Amino acid sequence: MQARKLSNGQVKVAATGFLSLFSIVGILFYGLPFFYDFWVKEFGWSRATVTSGNAFAKVAVGLFGFFAGWLIDRFGPRRLMLTGILLGGIALIGLSTVTTLGQFYLFYVFNALAYMCAGPLPNQVLTARWFNTSRGKAMGFAYLGIGIGGMLVPQIAKWLNIEFGWHQALMILGIMTVLVSFPMAWMVKENPPVTSKEAIAEAPVVPLKKIVRGWPFYLLVIGSMCSIGAVSGTNQNLKLFFSLDLNYSQTQAANILSLVLFSSIIGRLLMGWLADKFPKKYVMILIYALVAASIPLLYFASTPGVIYLFAFIFGMGLGGDYMIIPLMAAELFGVKIMGRIMGLVLTADGLAEALAPMFVGWLHDRNGSYANGFATLIVLAVIGIIAVAMLPKNENAQSPLTKS
């Protein structure tokens, strides 16, 4: 994908995806765990408690993901994205003021709604509508926003915390969320012109009932849930592990977290390129294998240099993990009802993404160590590899579902 070949509309779509994912995922999702140890120290909350906000919110939001997907298919992603961006800003500003668990959970619900309305789901659909032959590279560029946002936020949050305290730091990040992503989302168009060379080809719509009755759909759900659970369970506990178990300073912890997200940038670019060159199934297996191979390194975190090796390998897997799922879904089922398909998939993934960190935190609270939690995450990652390995080799090998 070369910039000179892109239309003005495609440039706006790519910029919208980059900036909204920078804010909604990079800041809200990867930025919030940086503050977990502050809640533990100031309010005396357990690790299970501080990681439960995301779980509570995702469960509370529940099947809204499918409804959001229906809204996107029916009305387009733009208006939902604008709403989600505002909700994201409100969530962070609200979390900067909480003093009770009730308030904590309430603003995490706003956070979950923001993620669903303005995060991966609408951006995946928007990118899939505007790009066809270079969809992998386009999705990879959009998802760079997550990596760059996640890489910068620990450093920004660390500086803001030093200058203003963690409460004001969260509030400033909330304002930044809106200012960074709202203007471009306001200007983007829902669909490409019919003359666009990259516009999706007309194709008959396969009924949703037919898709959800097929085993490829459930293999995709199981595989993505397990890998997302492994990634989230690891990532959401890293700051706690670094600060409270390994006694890293805030600067040391921030630097390693930034290294993880820097590596994820390489992973997104590489996996996006590979996804346009090779069957997406094999790229997906590679990504999941990187996740499964990286987590065992945390058992040797005290060995010099190992934590940096972990950060690089895990970051590579993290970079491709979320990005490859919509590409695989588009290859298997087409893009005509991608909003609803990804709404279902992301709802399932969201539950895994929410429950895995809390479960790992609970295991630590119970046993005083992350050993059992990390083992659980390794098993999840391996199950994800097995599920994806059972998917059809390519879109022509599956069934009439993929002839759409």
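Here is a short chat about how some labels on this predicted model were reached.

Colleague: What should I keep in mind about the model?
Modeller: It is predicted, local features need pLDDT of at least 70, side-chain atom pairs count only at pLDDT 80 or more, and totals for chains, interfaces and linings use all residues. Residues are numbered from 1 along each chain as its sequence is written, and side-chain values use heavy atoms, with hydrogens and water left out.

Colleague: Why is I175 called partly exposed?
Modeller: Buried means under 20% relative accessible area and exposed over 50%, with partly exposed in between (1.4 Å probe, protein chains only). I175 has 43%, so partly exposed is the right label.

Colleague: Which residues of helix α2 are buried?
Modeller: In α2 (residues 36–43), they are Y36, D37, F38, W39 and V40. Helices here are DSSP runs of H or I with at least four residues, numbered from the N terminus. After α2 comes G44, with a positive phi near 75°.

Colleague: What makes K239 count as sitting over the ring of F34?
Modeller: The rule asks for NZ of Lys or CZ of Arg within 6 Å of the ring centre and within 35 degrees of the ring normal. The charged end of K239 is 3.8 Å from the centre of the F34 ring, so the distance part is met. R78 likewise lies over the face of W186, at 5.2 Å from the ring centre.

Colleague: Which aromatic cluster does F34 belong to?
Modeller: One whose members include F34, F35, Y36, F38 and W39.

Key: Helices (H or I, at least four residues) and strands (E, at least two) are DSSP runs, numbered from the N terminus. Rings of Phe, Tyr and Trp (its six-membered ring) pair if their centres lie within 6.5 Å; planes under 30 degrees apart count as stacked, over 60 as edge-to-face and the rest as tilted.
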